[in-house]
Amino acid sequence: MTDKEIAQLLERDSEAGLAAAVKHYGGYVYKIVLTRLCDVCAKEDIDEAVSDIFFKLFNAAKVGKQFTSVGGYLSVTAQHHCIDLFRKHTGKTGTVPLDEIQELSSEDEIFADTSAELMQALKALGEPDTQIFLRRYFFGQRNKDIARELGMTAAAVNKRISRGLVRLREILKEGER
């Protein structure tokens, strides 16, 4: 099932869409959480974090959020959730001065626009490059793991990333015009 099909299923039937998302992206989300929290959290906390991330996806689908990329949404949500858990478990907190809150909200709007442009540019790369970039930069997978899972050599993945970055810059520059 493709990312687009999962997004459409989430819009039509959030429970079936959630099941498809867990089946398709469960390993990726688990890998992100495990990589970020393995030194800080117990296995039960990691499992609970993965469940929380998919619950956030379910809630977003329930309120009618339309997803440009389910994988991208899960990746960003997982990373933010891991940061929160890391801070909670290590006692490190960050505060934002009240006068900066308005600046942050406008930055979030800019990031949302940029994120949509970036996802469109990634899709324009075509397969398997889109898969490689999502796995590498959104899910944090190592190149040799990507190569193994996609049935490629690590050198081929490295070359596709190198060439893909050049193509991605060109695509994004064309979008600015």
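What percentage of the 177 residues in the chain is buried? Buried residues make up 34% of them. The model is predicted. The legends below start with the whole chain and then turn to single side chains.

**View 1. The whole chain is built with eight helices and zero strands.** Follow the sequence from start to end, and the pattern reads α-α-α-α-α-α-α-α. The accessible surface comes to about 11,000 Å². Carbon and sulfur atoms account for 52% of that surface. Now look at the contacts between residues at least 6 apart in sequence. Of these, 60% join residues at least 24 apart.

**View 2. Tyr25 and Tyr28 form a tilted aromatic pair.** A pair of aromatic rings is described by the distance of the centres and the angle of the planes. The chain has two aromatic pairs. In the pair of Tyr25 and Tyr28, the ring centres lie 6.0 Å apart. The planes make an angle of 50 degrees. Both residues belong to helix H2, which covers residues 14–37. Tyr25 and Tyr28 are three residues apart there, so about one helical turn separates them. Are these two tyrosines buried or exposed? Both Tyr25 and Tyr28 are buried.

**View 3. Phe67 and Tyr73 form an edge-to-face aromatic pair.** Their ring centres are 5.0 Å apart. The angle between the planes is 70 degrees. That angle counts as edge-to-face because it is over 60 degrees. Phe67 has a relative accessibility of 9%. Phe67 therefore counts as buried, since the cut-off is under 20%.

**View 4. Lys31 and Asp145 meet in a salt bridge.** The structure holds seven salt bridges. In this one, the N to O distance is 3.9 Å. Which helices does the pair link? Lys31 sits in helix H2, and Asp145 sits in helix H7, residues 143–150. The two residues are 114 residues apart, so the bridge links distant parts of the chain. Their surroundings can be compared through accessibility. Lys31 is partly exposed, at 32% relative accessibility. Asp145 is buried, with a relative accessible area of 5%.

**View 5. Arg142 also forms a salt bridge with Asp145.** The N to O distance here is 3.3 Å. How exposed is Arg142? Arg142 has a relative accessible area of 47%, so this residue is partly exposed. Its partner Asp145 is buried.

**View 6. Arg148 and Asp145 form a salt bridge within helix H7.** The closest N and O atoms are 3.1 Å apart. Both residues lie in helix H7. They are three residues apart, about one turn of the helix. Arg148 is exposed, with a relative accessible area of 59%. That value is over 50%, and therefore Arg148 counts as exposed.

**View 7. Salt bridges that share partners join four residues into one network: Lys31, Arg142, Asp145 and Arg148.** Asp145 takes part in the bridge with Lys31. Asp145 also meets Arg142. Asp145 pairs with Arg148 as well. Within this network, Asp145 is buried, Lys31 is partly exposed, Arg142 is partly exposed, and Arg148 is exposed.

Notes
Residues numbered from 1 in each chain as written. Predicted model: local features only at pLDDT ≥ 70, side-chain atom pairs only at ≥ 80, totals over all residues. Heavy atoms only, no water. Helix = DSSP H or I, 4+ residues; strand = E, 2+ residues; numbered from the N terminus. Buried < 20%, exposed > 50% of the residue type's maximum accessible area, 1.4 Å probe, protein only. Contact = heavy atoms within 4.5 Å. Areas by Shrake-Rupley, 256 points an atom, 1.4 Å probe, with all protein chains shown as cover. Phe/Tyr/Trp six-rings, centres within 6.5 Å; stacked < 30°, edge-to-face > 60°. Salt bridge = Lys/Arg side-chain N within 4 Å of Asp/Glu carboxyl O.
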